[in-house]
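Trainee: I should like to learn how to read a protein model feature by feature. May we go through one together?

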Amino acid sequence: MAKSEGRKTNNAQRGAGENELKYNAVASSVPSVNGNRKERGLVIRNTGNYYLVRTADGTDILCLAKGNFRLRGIRSTSPVVVGDRVIIERSSDESAYIIEIEDRKNYIIRKASNLSKHSHILAANIDLALLCITLRFPETTTVFIDRFLVTAEAYRVLVHLVFNKTDLYDNDDHAYLNDVIRLYSSIGYPCIKTSAETGEGIEQLKALTKGKITLLAGHSGVGKSSIINLLQSDVSRKVGKISDYHQKGMHTTTFSEMIEIEGEGFVIDTPGIKGFGTVDMTTQEVSHYFPEIFRFSADCRYYNCLHLNEPGCAVLKAVDEHYISESRYQSYLNILEDVNEGKYRS
Ligand SMILES: Nc1nc2c(ncn2[C@@H]2O[C@H](COP(=O)(O)OP(=O)(O)OP(=O)(O)O)[C@@H](O)[C@H]2O)c(=O)[nH]1
Ligand SMILES: [Mg+2]
Ligand SMILES: [Zn+2]
């Protein structure tokens, strides 16, 4: 396994909710240097060069990042991300700087595009990621779902799939939706049907997100901000106007933001993402992040089988016999291809 932080620690997979929500319980006094005050805080928003940091006493402070936070092993477009636990330094002239990032328990990272060498971390230290999916208006493909899931597996982030806008589906859509849900549930990913319009599934989401730090991700226009608006009553998030709204998203949310929800917990609203390039894995590793492919691969004749056309491949046999879905296998090939391309390029 390639070394990069985030994978070292953690296991949201085994039990969510371990994230220290009560950041004020964390010792907030850090020895001061040169008379400057140092405090611990949680990054709740990032706009341009500025970060909004919530400190132990609940105050939100606008900070700049000081120094070079290039993270080991990854070239990221932003050094500090929402969800980071940081140490800030406030000087007497009221300016404030982030001077240290605490080790991350996990994060969700993606490449801006397959060709891009730069990666983008959506958020760090999350207990749960909700991948918001619409089969129509706009369409979310299984390849997109699988790319997200592979990254979440690699960085050990627990994922539930949220199928939104069920109120817009006709009978055929519902039949297809149920097939997709059957597939992902059988692999082990919990699925929830929701509608921000009728309120279907919202109580279930409230119970699920309670006491956790939850990331909402997905294409633009799938309804992430609309769902968040139903999870908390204080603030109203901007959602795309229906009148402007066609098949594609409007990119209404433009930066990630952490929002406190009723009944304790935080949800992170993120801007819609078009593609999801996977980051930093070897060809051998790819199958490890498809749980069902990994299970069958134990019976392949060759230990280094890539399940392409090798003799005695148990995965190909399972695809033939429909124990592994064709769409998941196609996603596997698709990701394998990127990984190979990445290798030839560098
Ligand atoms: N019919 C219906 N419309 C919905 C539902 N959820 C969201 N919408 C509408 O879909 C549009 C997009 O919703 P947003 O909440 O802005 O979507 P988003 O995922 O936050 O999009 P970005 O911020 O661009 O990433 C808005 O017009 C919402 O009113 C739903 O369950 N049913
Ligand atoms: Mg939004
Ligand atoms: Zn094989």
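Mentor: Let us begin with a pair of strands: β5 and β6 run antiparallel and are joined by five bridges. Strands (E, at least two residues) and helices (H or I, at least four) are DSSP runs, numbered from the N terminus. Two strands pair if DSSP finds at least two bridges between them. Within this pair, Ile-88 has Ile-98 of β6 as its bridge partner. The two strands form a hairpin with five residues between them, and Glu-94 in the turn has a positive phi of about 75°.

Trainee: Before we continue, on what basis are such statements made?

Mentor: This is a predicted model, in which local features need pLDDT of at least 70 and side-chain atom pairs count only at pLDDT 80 or more, while totals for chains, interfaces and linings use all residues. Residues are numbered from 1 along each chain as its sequence is written, and chains are lettered from A and ligands numbered from 1 in the order in which they are written.

Trainee: What is the average pLDDT of the protein chain?

Mentor: pLDDT is the predictor's confidence in each residue, from 0 to 100. Here the chain averages 83, and 78% of the residues score at least 70. Over residues 1-29, however, the pLDDT is below 50, although this stretch has 60 contacts in the model beyond near neighbours in sequence. A contact means that the C-beta atoms of two residues, placed from the backbone, lie within 7 Å.

Trainee: How many helices and strands does the protein chain have?

Mentor: The chain has eight helices and 14 strands. Of its contacts with a separation of 6 or more, 67% are between residues 24 or more positions apart.

Trainee: Which other strands pair with β5 or β6?

Mentor: Strand β2 (residues 36-47) pairs with β5 (residues 85-90) in the antiparallel sense over six bridges, and Arg-40 has Ile-87 as its partner in β5. Strand β6 (residues 96-101) pairs with β4 in the parallel sense over two bridges, where Ala-65 is matched with Ile-98. In turn, β4 (residues 60-65) pairs antiparallel with β3 (residues 50-55) over five bridges, and Arg-54 is partnered by Asp-60. The hairpin of β3 and β4 has four residues between the strands, and there Gly-58 takes a positive phi near 90°.

Trainee: How should one read the two sides of a helix?

Mentor: An α-helix has 3.6 residues a turn, so residues three or four places apart point the same way. One then asks which residues are buried (20 or more other C-beta atoms within 10 Å of their own), exposed (12 or fewer) or partly exposed (in between), with C-beta atoms placed from the backbone. In helix α3 (residues 202-209), the buried residues are Leu-205, Leu-208 and Thr-209. They lie on the same side of α3 because they cover an arc of only 85° around the axis; the arc is that of the directions from the helix axis to the C-beta atoms. Glu-203 and Ala-207 are exposed on the other side.

Trainee: Against which elements do the buried residues of α3 pack?

Mentor: They pack against β10 (159-163), β11 (191-193), β12 (213-217), α4 (224-231) and β14 (266-269).

Trainee: What is the size of the largest nonpolar core?

Mentor: A nonpolar core is a set of buried Ala, Val, Leu, Ile, Met, Phe, Trp, Tyr and Cys residues joined through C-beta atoms within 7 Å. The largest has 75 residues, and Ile-108, Ala-123, Ala-129, Leu-131 and Leu-215 have the most contacts inside it. Not counting residues up to four places away in sequence, Ala-123 touches residues including Val-81, Tyr-107, Ile-108, Leu-215 and Ile-268.

Trainee: Which backbone features deserve a second look?

Mentor: Most residues other than glycine have a negative phi, and most peptide bonds are trans. In this model, a cis peptide bond joins Phe-137 and Pro-138, with omega about -5°; Pro-138 lies in the loop between β9 (128-133) and α1 (142-154). Arg-156 has a positive phi near 55° and sits in the loop between α1 and β10. His-322, with a positive phi of about 65°, is found in the loop between α7 (314-320) and α8 (326-345).

Trainee: Is His-322 buried or exposed?

Mentor: His-322 is exposed, because 8 other C-beta atoms lie within 10 Å. Arg-156, with 18 such atoms, is partly exposed.
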